[in-house]
Amino acid sequence: MKTPLQPSELHKGPIRRPVLPDSFVDRIKAFKAILSDVDPTSLETAIDNFKRDTHPEEEIAIWERIANTYQLFLSHHAASEPAIRQEVFAVLIGASMGSEDWSNIKKLNSDQISYLVANYRRLRVSA
């Protein structure tokens, strides 16, 4: 069984694209605006990270889906408490990586988690 990497073992890959197309930068700015209250990564760091991706357009699409699902959830559920918003974001990040373990989520109920995961995966369920 493979042991998960620790954050200290990770390192940045090489810059694959010195410049991203303006359309990519505009898309990054748009999803960063939606996630600004839960994602502490600066715009500059996000752009730098996408320059390192092998397929930046696919990665941007994942982040757009996270942002759109986050926005959809907040439009249907009152979540003014920052800790709840942070958990919504955590569930969406986990869903984007195929996680099924939500034991670290304490403020959202199982129906809310299912709603988030299903909507991220483009399924329709009500909560």
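**Figure 1. Arg16, in the segment before H1, is partly exposed.** At 46% relative accessibility, Arg16 counts as partly exposed, a class that lies between buried (under 20% relative accessible area) and exposed (over 50%), as computed with a 1.4 Å probe on protein chains only. This is a predicted model, in which local features need pLDDT of at least 70 and side-chain atom pairs count only at pLDDT 80 or more, while totals for chains, interfaces and linings use all residues. Residues are numbered from 1 along each chain as its sequence is written, and side-chain values use heavy atoms, with hydrogens and water left out. Arg16 is found in the segment before H1, where helices (H or I, at least four residues) and strands (E, at least two) are DSSP runs numbered from the N terminus. Leaving aside residues up to four places away in sequence, Arg16 touches Lys51, Arg52, Asp53 and Thr54, a contact being heavy atoms within 4.5 Å. The C-alpha atoms of Arg16 and His55 are separated by 9.6 Å, although these residues are 39 apart along the chain.

**Figure 2. The protein has five helices and zero strands.** Read from the N terminus on, its elements run α-α-α-α-α. Of its 127 residues, 32% count as buried. Among contacts between residues at least 6 apart in sequence, 60% join residues at least 24 apart.

**Figure 3. Helix H3 covers residues 56-76.** The expected span of a helix is 1.5 Å times one less than its number of residues, so the 21 residues of H3 should span 30 Å, and the end C-alpha atoms, which are 30 Å apart, agree with this. Which residues of H3 are buried? They are Pro56, Ile60, Ile66, Ala67, Thr69, Tyr70 and Phe73. What covers these buried residues includes helix H1 (22-34), helix H2 (43-52), helix H4 (82-96) and helix H5 (110-120).

**Figure 4. The buried residues of helix H4 pack against H3 and H5.** The 15 residues of H4 should span 21 Å at 1.5 Å a residue, and the end C-alpha atoms of H4 are indeed 21 Å apart. Buried in H4 are Ile84, Glu87, Val88, Phe89, Val91, Leu92, Ile93, Gly94 and Ala95. H4 is followed by Gly98, whose phi is positive, near 80°.

**Figure 5. Phe31, Phe50, Trp63 and Phe89 form one aromatic cluster.** A pair of aromatic rings is described by the distance of the centres and the angle of the planes. Here rings of Phe, Tyr and Trp (its six-membered ring) pair if their centres lie within 6.5 Å, and planes under 30 degrees apart count as stacked, over 60 as edge-to-face and the rest as tilted. By this rule the count comes to four aromatic pairs. The rings of Phe31 and Phe50 have their centres 6.0 Å apart and their planes at 75°, so this pair is edge-to-face. The pair links distant parts of the chain, with Phe31 in helix H1 and Phe50 in helix H2, 19 residues apart, and both Phe31 and Phe50 are buried. The rings of Trp63 and Phe89 have their centres 6.2 Å apart and their planes at 40°, so this pair is tilted. Because Trp63 lies in helix H3 and Phe89 in helix H4, the pair ties together parts that are 26 residues apart in sequence. Phe89 is buried, with a relative accessible area of 8%.

**Figure 6. Trp63, in helix H3, is partly exposed.** The relative accessible area of Trp63 is 22%. Not counting residues up to four places away in sequence, Trp63 touches Phe31, Leu35, Asp39, Phe50, Phe89 and Ile93. The C-alpha atoms of Trp63 and Arg27, 36 residues apart along the chain, are separated by 9.5 Å.

**Figure 7. The charged end of Arg65 sits over the ring of Tyr120.** This charged end lies 5.2 Å from the centre of the Tyr120 ring. A charge sits over a ring if NZ of Lys or CZ of Arg is within 6 Å of the ring centre and within 35 degrees of the ring normal.
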